[in-house]
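Visitor: I should like a close look at a single part of this protein. Please choose one residue, describe its surroundings, and then place it within the architecture of the chain.

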Amino acid sequence: VERDLSNRLEGSGSEAESSYANNVFTDTQTVAVNGVDLQIGKQWVAGDRVAGRELTYRLSYLNRGTDTATNVVITETLPLSTNFGSSTSFNHAWQQSNSGNVIHWTLDSLGPLESGIIELSVLISETVPPGTILTNTVDIGTSNVDMTPRNNRATLSLVVAHEDVDL
């Protein structure tokens with residue numbers, strides 16, 4: 001369960017002002033309330049979106065909750081027109097297993113406010129025509145109850161581009 005925490009500050013003086021618009025400041029923060037709250041994000045960070053070329057994706061994960069998540073699993077589902085190359089995990093020692101176009105990383109536990117990154121490279125098949133949309137999805141889960149499951153999935157779509165030809 002998430003809650004919004006707001007602070008409102010109002011200032012005033014004894015003298016008249018020409019504008020009161022800057023006399024109020026409100027800051028709202030979303031905070032985790034007791035439990036586990038895993039979150040995952042995904043972005044394309046390197047490589048060309050051209051058939052026969054390699055792309056690098058970055059998966060960013062976080063436990064926003066106040067409790068430790070146990071038996072954490074990240075599942076990356078790659079488009080069928082790509083081939084998995086390699087991955088590097090930062091901050092934690094994930095165990096990796098592959099099954100076709102699905103990659104799983106497992107971790108015994110992820111503590112409160114712990115985060116990290118996994119970077120993975122994929123090769124776009126040489127037969128993929130320009131204009132093809134490559135969509136892949138990553139999910140994060142745990143054996144605990146996740147207080148905010150809506151942030152446990154990230155999807156990224158890229159359009160395969162034409163290769164630039166030098167004449």
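Guide: Histidine 92 touches Tyr61, Leu107, Leu110, Glu114 and Ser115, leaving aside residues up to four places away in sequence; contact here means heavy atoms within 4.5 Å. This is a predicted model, in which local features need pLDDT of at least 70 and side-chain atom pairs count only at pLDDT 80 or more, while totals for chains, interfaces and linings use all residues. Residues are numbered from 1 along each chain as its sequence is written, and side-chain values use heavy atoms, with hydrogens and water left out.

With tyrosine 61, the side chain of histidine 92 makes a polar contact, side chain to side chain, at 2.8 Å. Such a contact is a pair of N or O atoms within 3.5 Å; within protein, one must be able to donate a hydrogen and the other to accept it, and residues adjacent in sequence count only if both atoms are side-chain atoms. Histidine 92 has a relative accessible area of 17% and is therefore buried, a term that means under 20% relative accessible area, with a 1.4 Å probe and protein chains only.

In the chain, histidine 92 lies in the loop between strand E6 (82–90) and strand E7 (95–99). Strands are DSSP runs of at least two E residues, and helices are runs of H or I of at least four residues, numbered from the N terminus. The chain has 0 helices and 11 strands.

The strand before the loop, E6, belongs to an open sheet of 4 strands in the order E3-E4-E9-E6, with antiparallel pairing. Strand E3 (38–47) and E6 stand at its edges with a single partner strand each, so one side of each has no neighbour in the sheet. Neighbouring strands there are turned by 20° against each other on average, direction ignored; the axes are lines fitted to C-alpha atoms, and angles run from 0 to 180 degrees between N-to-C directions. Two strands pair if DSSP finds at least two bridges between them; E3 and strand E4 (residues 54–63) do so over 9 bridges, in the antiparallel sense. Tyrosine 61, the polar partner of histidine 92, stands in E4 opposite isoleucine 40.

The strand after the loop, E7, belongs to an open sheet of 5 strands with the order E7-E8-E5-E10-E11, also described by antiparallel pairing. Its edge strands are E7 and strand E11 (153–159), each pairing on one side only.

How values were computed
Buried means under 20% relative accessible area, exposed over 50%, partly exposed in between (1.4 Å probe, protein chains only).
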